[in-house]
Amino acid sequence: MFLANPRVVDICEQQRIVYSVDGEARHYTCDFVVTWASGLRVAYEVKYAADADRKDTASLLLTVAQGCTDEVADEFQIITEKELDLATIENSVLVVACANDQDGQALDAVERWLGEASETVTLVEIERGTGLGSRARRAAVALIQAGRLTVPPGEVIHADLPLSNNGALRRAT
């Protein structure tokens with residue numbers, strides 16, 4: 001999910017945090033710390049909602065945040081299945097897989113084509129417009145990670161889904 005987000009600058013997994021309770025040093029390991037483009041660093045704990053409630057994870061994170069002696073994170077949050085939808089998960093897996101292709105030629109061709117395209121495009125249009133077929137589709141999906149294209153919230157990526165072309169030439173009206 002975070003790997004596919006263009007606003008994420010860095011992700012550190014299993015980050016150990018030192019905090020203090022009544023002058024006693026304690027240690028806590030969060031699942032990961034995300035650094036956002038804004039500079040905000042958020043420590044995330046991933047749990048099933050029932051487990052988070054049963055273990056009172058919210059209170060633990062508040063204690064860690066209040067007693068934190070490390071400058072590891074600015075905020076502490078819990079992510080449960082309630083914050084994740086299947087579309088986001090499916091799209092994230094696909095975006096990361098396509099980004100791993102590292103097909104520079106296809107990426108360049110899609111970038112050039114998008115520069116002249118309208119503000120809304122589909123993967124089918126990109127395939128046809130570049131003449132690269134599935135290579136263009138995968139390159140376009142990879143460009144979602146870079147913020148070049150945007151998927152509408154709650155939608156699963158598919159060939160005919162209208163995507164926002166964030167680098168389209170703005171034509172004078």
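**Exercise 1. Find the residues that E13 touches, not counting residues up to four places away in sequence, and state whether E13 is buried or exposed.**

Step 1. Place the residue: E13 is in strand β1. Helices (H or I, at least four residues) and strands (E, at least two) are DSSP runs, numbered from the N terminus.

Step 2. List the partners. With residues up to four places away in sequence not counted, E13 touches D31 and F32; contact means heavy atoms within 4.5 Å.

Step 3. Read the accessibility. The relative accessible area of E13 is 66%, so E13 is exposed. The cut-offs are under 20% for buried and over 50% for exposed, with partly exposed in between (1.4 Å probe, protein chains only).

Step 4. Compare sequence and space. E13 and R148 are 135 residues apart in sequence, and their C-alpha atoms are 26 Å apart.

The model is predicted: local features need pLDDT of at least 70, side-chain atom pairs count only at pLDDT 80 or more, and totals for chains, interfaces and linings use all residues. Residues are numbered from 1 along each chain as its sequence is written, and side-chain values use heavy atoms, with hydrogens and water left out.

**Exercise 2. State the sign of phi in Q14 and in Q102, and locate both residues.**

Step 1. Recall the background. Most residues other than glycine have a negative phi.

Step 2. Take Q14. This residue lies in strand β1, and its phi is near 45°, a positive value in a residue other than glycine.

Step 3. Take Q102. Its phi is near 50°, also a positive value in a residue other than glycine. Q102 sits in the loop between α3 (86-99) and α4 (104-116). With a relative accessible area of 66%, Q102 is exposed.

**Exercise 3. Determine which residues of helix α2 are buried and what they pack against.**

Step 1. Helix α2 covers residues 57-67, and its buried residues are T57, L61, V64 and G67.

Step 2. These residues lie on the same side of α2, because they cover an arc of only 140° around the axis. The arc is that of the directions from the helix axis to the C-beta atoms.

Step 3. The buried residues of α2 pack against the strands β1 (8-21), β2 (24-36), β3 (41-46) and β4 (75-79), and against helix α1 (49-54).

**Exercise 4. Describe how α5 packs against α6, then follow E127 and A136.**

Step 1. Helix α5 (residues 123-130) and helix α6 (residues 134-145) pack at an angle of about 125°, their axes being 8 Å apart. Axes are lines fitted to C-alpha atoms, for helices over the stretch in contact, and angles run from 0 to 180 degrees between N-to-C directions.

Step 2. The two helices, α5 and α6, are therefore oblique to each other. Angles under 35 degrees count as roughly parallel, over 145 as roughly antiparallel, 65 to 115 as roughly perpendicular and the rest as oblique.

Step 3. On the α5 side the contact is made by L123, V124, I126, E127 and T130, and on the α6 side by S134, A136, R137, A140 and V141. By class these are 6 nonpolar, 2 polar and 2 charged residues. Ala, Val, Leu, Ile, Met, Phe, Trp, Tyr, Cys and Pro count as nonpolar, Asp, Glu, Lys and Arg as charged, and the others, Gly among them, as polar.

Step 4. E127, in helix α5, is buried with a relative accessible area of 16%. Leaving aside neighbours within four places in sequence, E127 is in contact with L132, G133, S134, A136 and R137.

Step 5. A136, in helix α6, is buried with a relative accessible area of 0%. Not counting residues up to four places away in sequence, A136 touches V110, I126, E127 and T130. The C-alpha atoms of A136 and Q105 are separated by 9.4 Å, with the two positions 31 residues apart along the chain as their spacing.

**Exercise 5. Work out the orientation of α4 to α5 and of α3 to α6.**

Step 1. α4 and α5 pack at an angle of about 105°, with axes 10 Å apart. That makes α4 roughly perpendicular to α5.

Step 2. A109, V110, W113 and L114 of α4 meet E125, I126, G129 and T130 of α5. This contact divides into 5 nonpolar, 2 polar and 1 charged residues.

Step 3. The axes of α3 and α6 come within 8 Å and cross at roughly 110°. α3 and α6 are therefore roughly perpendicular to each other.

Step 4. The contact is made by L94, V95, A97, C98 and A99 of α3 and R138, V141, A142, I144 and Q145 of α6. Its residues are 8 nonpolar, 1 polar and 1 charged.
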